[in-house]
Amino acid sequence: MMVVDGDSGSVIWNYTAPCHLKRTPTTSAVTSDQKSVFLFWAEGLPAAPSNSDVILGTEPPSLHHLYLLHPAFPSILLDLANATGTVTAAEVGINDLWKDAFYVTRTTGPSSKGHPAPLVVSKLSLRWALMEGQMVQLKETTPKIGRGELRRFLSRIKFVDSPLQI
């Protein structure tokens, strides 16, 4: 995974995850302090650093997670949601009144013999998901980021429409 600065083209974050990313477009949302948060689907990552005793691949192979990366905490991903179906489309929208972003997904489930695959459209409030999501530590940092510190930071995030670029 890699985040590239749109102005300079320089790599500002990269990480090799011990999992497979879904072939779903990565989306982003802009916060009120003009930082972009990135959302992507991938297989489950362990909630502990890779040098721990956590065994990868203990989840069903069809379970995929929605992760969020905030540039203020590049060593942490937030596991916001999961889905067993195939995510076929995803988009971020903004609720200006509440300064919230919502993430809309379209998923399809497995089709049964003679029946079309079910189509499910769902919406997730990102501010709600930030408070309910699970923290996934990608690597140890010094000083260690506490869960309380992260929660206080996340509770203050507000989302805005991205500035139009012509």
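**Notes on the predicted model: cores, one sheet and a few residues**

1. A good place to start is Leu130, which touches Leu68, Leu78, Leu80, Arg151, Leu154, Ile157 and Phe159, leaving aside residues up to four places away in sequence. Please keep in mind while reading that this is a predicted model.

2. Leu130 also belongs to a wider group. The largest nonpolar core counts 26 residues, and Leu130 is among those with the most contacts inside it, together with Leu39, Leu80, Tyr103, Leu126, Leu150 and Phe159. At least two residues of this core come from each of strands S4 (36-43), S5 (64-69), S6 (76-83), S7 and S8, and from each of helices H1 (126-132) and H2 (147-155). S6 gives the largest share, four residues. As background, nonpolar side chains in soluble globular proteins tend to be buried together.

3. Another core, of 13 residues, lies apart from the largest one; Tyr15, Cys19, Leu77 and Val136 are among its members.

4. Next, the sheet. Strands S7, S8 and S9 form an open sheet in the order S7-S8-S9, with antiparallel pairing. S7 (86-95) and S9 (119-125) each have a single partner strand and stand at the edges, so one side of each is left without a neighbour in the sheet. On average, neighbouring strands here are turned by 20 degrees against each other, direction ignored.

5. Within that sheet, you may like to look at the pairing of S8 (residues 100-108) with S9, which is antiparallel and runs over seven bridges. Val104 stands opposite Lys123 in S9.

6. Two residues deserve a look at their backbone angles. Most residues other than glycine have a negative phi. Gln34, although not a glycine, has a positive phi of about 65 degrees, and its place is in the loop between strand S3 (27-31) and S4. Lys99 is not a glycine either, yet has a positive phi of about 55 degrees. Lys99 sits in the loop between S7 and S8, and counts as partly exposed because its relative accessibility is 35%, where partly exposed covers the range between 20% and 50%.

7. Finally, is His64 in strand S5 buried or exposed? His64 has 10% relative accessibility and therefore counts as buried, the cut-off being under 20%. Leaving out residues up to four places away in sequence, His64 touches Lys22, Trp41, Ala42, Glu43, Ala81, Asn82 and Ala83.

Definitions and conventions. Residues numbered from 1 in each chain as written. Predicted model: local features only at pLDDT ≥ 70, side-chain atom pairs only at ≥ 80, totals over all residues. Heavy atoms only, no water. Pairing = 2+ DSSP bridges. Axes fitted to C-alpha atoms, helices over the stretch in contact; angles between N-to-C directions. Core = buried A, V, L, I, M, F, W, Y, C linked by side-chain atoms within 4.5 Å. Buried < 20%, exposed > 50% of the residue type's maximum accessible area, 1.4 Å probe, protein only. Contact = heavy atoms within 4.5 Å.
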